[in-house]
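User: Please take a close look at the packing of secondary structure in one part of the model shown here. I would then like a connected account of the remaining parts and of the charged pairs.

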Amino acid sequence: MSKEFNFEIFLLLNNEKFHIYVLNENENKTFYENEEFIENASQDYQIDKLKEFLYNNISKIEKKINNFITNIYIILDDKKFFPIQISIKNNNNRNSLTKNSLIYPLNEARFLCDKTIGKKKIIHMLVNNYKVNGNDFSSLPNDLICDYFYLDVKFLCLPNEYLGNLENVLKNHQISIDRILNFDYLNNFFKDKDLNIFQKAKLIADGCNENEIKFVDQMRENKGFFEKIFNFFS
């Protein structure tokens with residue numbers, strides 16, 4: 001959405017309910033929300049119910065905000081997520097460790113994941129551990145001199161077919177998915193914080209986790225692989 005658009009829309013999906021939430025960013029408070037409980041039934045049934053739920057809510061929201069919704073964040077609580085763990089060793093040649101040192105090994109990890117997942121898309125890419133000089137770190141230890149370092153990287157992926165179904169439902173309202181966020185990841189990251197799921201999603205979407213690697217979709221920007229994958233360096 002444009003900078004002039006002062007609302008962000010979140011949609012929580014799981015096997016029990018749909019919950020749509022609109023945040024007024026100017027006032028940092030809830031502007032609109034509604035939820036509907038559903039039966040734990042087939043995917044086709046849930047897709048039909050989602051179409052109905054969106055039909056009943058999108059036009060109401062657009063009238064209230066006096067603008068069209070073009071993008072939405074999806075918070076997904078679903079067992080369809082497919083996790084992959086990859087460990088990468090990188091030669092640092094007795095140089096200081098910086099963010100730039102991570103470009104090659106993280107690209108290598110992404111490449112290995114892409115080769116493994118088949119018809120799935122990476123939703124989250126997370127560095128779970130940095131091992132430098134035999135010591136483990138939960139965040140990047142800047143400026144340490146080392147011969148080698150190791151990265152433990154976790155990927156959360158979703159089937160392309162499932163993503164396509166979601167995208168098609170939203171296209172009926174001329175809405176694109178801004179990002180998909182994993183429900184369990186949000187809760188685990190903020191397990192000691194008194195925040196609702198939409199507040200957690202907002203913080204993660206804004207980049208509060210320094211260990212989450214953000215990359216730009218190849219279809220959106222014409223950049224080289226090494227350049228496009230890491231916005232978090234800027």
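Analyst: In this predicted model, helix H3, comprising residues 160-171, lies across S6 and S8. The direction of H3 runs at about 60° to that of S8. The strands beneath this description belong to an open sheet of 4 strands, ordered S5-S8-S6-S7 and paired in the antiparallel sense. Its edges are formed by strand S5 (82-96) and strand S7 (135-137), each of which pairs on one side only. On average, and with direction ignored, neighbouring strands of this sheet are turned by 30° against each other.

At one edge of the sheet, 3 bridges join strand S6 (residues 120-132) to S7 in an antiparallel arrangement. Here Tyr-130 stands opposite Phe-137 of S7. Helix H2 (residues 103-117) also packs on the sheet, where H2 touches S5, S6 and strand S8 (145-159). The direction of H2 makes about 155° with that of S5. Both H2 and H3 are thus described relative to the sheet: H2 by its angle to S5, H3 by its angle to S8.

Earlier in the chain, strand S1 (residues 7-13) and S2 run antiparallel and are joined by 7 bridges. These two strands form a hairpin with 3 residues between them, and Phe-10 stands opposite Tyr-21 in S2. S2 also pairs with S3, again in the antiparallel sense, over 8 bridges. Across that pairing, Phe-18 has Glu-36 of S3 as its bridge partner. The hairpin of S2 and S3 has 4 residues between the strands, and Asn-28 takes a positive phi near 50° in this hairpin.

S2 is largely enclosed by the rest of the structure, because 8 of its 8 residues are buried. Side chains of a regular strand alternate between the two faces of a sheet. In S2, Lys-17, His-19, Tyr-21 and Leu-23 point one way, while Phe-18, Ile-20, Val-22 and Asn-24 point the other way, and all are buried.

Turning to charge pairing, the whole structure contains 12 salt bridges. In one of them, the side chains of Glu-25 and Lys-202 meet with an N to O distance of 2.6 Å. This pair links distant parts of the chain: Glu-25 is in the loop between strand S2 (17-24) and strand S3 (29-37), whereas Lys-202 is in helix H5 (residues 197-205), 177 residues apart. Glu-25 counts as partly exposed because its relative accessibility is 33%, while Lys-202, with a relative accessible area of 15%, is buried. Lys-202 also meets Asp-206 in a salt bridge, at 3.2 Å from N to O. Asp-206 is partly exposed, with a relative accessible area of 47%. Together with Glu-8, the residues Glu-25, Lys-202 and Asp-206 are linked in a network of salt bridges.

A further salt bridge joins Arg-179 to Glu-212, whose closest N and O atoms are 2.8 Å apart. Arg-179 lies in strand S9 (residues 176-182) and Glu-212 in the loop between H5 and helix H6 (225-228), so this pair ties together parts that are 33 residues apart in sequence. Arg-179 and Glu-212 are both buried.

As for confidence, the average pLDDT of the protein is 88, and 88% of the residues score at least 70. Over residues 218-234, however, the pLDDT is below 50; this stretch has 32 contacts in the model beyond near neighbours in sequence. Predicted coordinates should not be read in detail where pLDDT is low.

Key. Residues are numbered from 1 along each chain as its sequence is written. This is a predicted model: local features need pLDDT of at least 70, side-chain atom pairs count only at pLDDT 80 or more; totals for chains, interfaces and linings use all residues. Side-chain values use heavy atoms; hydrogens and water are left out. Two strands pair if DSSP finds at least two bridges between them. Axes are lines fitted to C-alpha atoms, for helices over the stretch in contact, and angles run from 0 to 180 degrees between N-to-C directions. Contact means heavy atoms within 4.5 Å. pLDDT is the predictor's confidence in each residue, from 0 to 100. A salt bridge is a side-chain nitrogen of Lys or Arg within 4 Å of a carboxyl oxygen of Asp or Glu. Buried means under 20% relative accessible area, exposed over 50%, partly exposed in between (1.4 Å probe, protein chains only).
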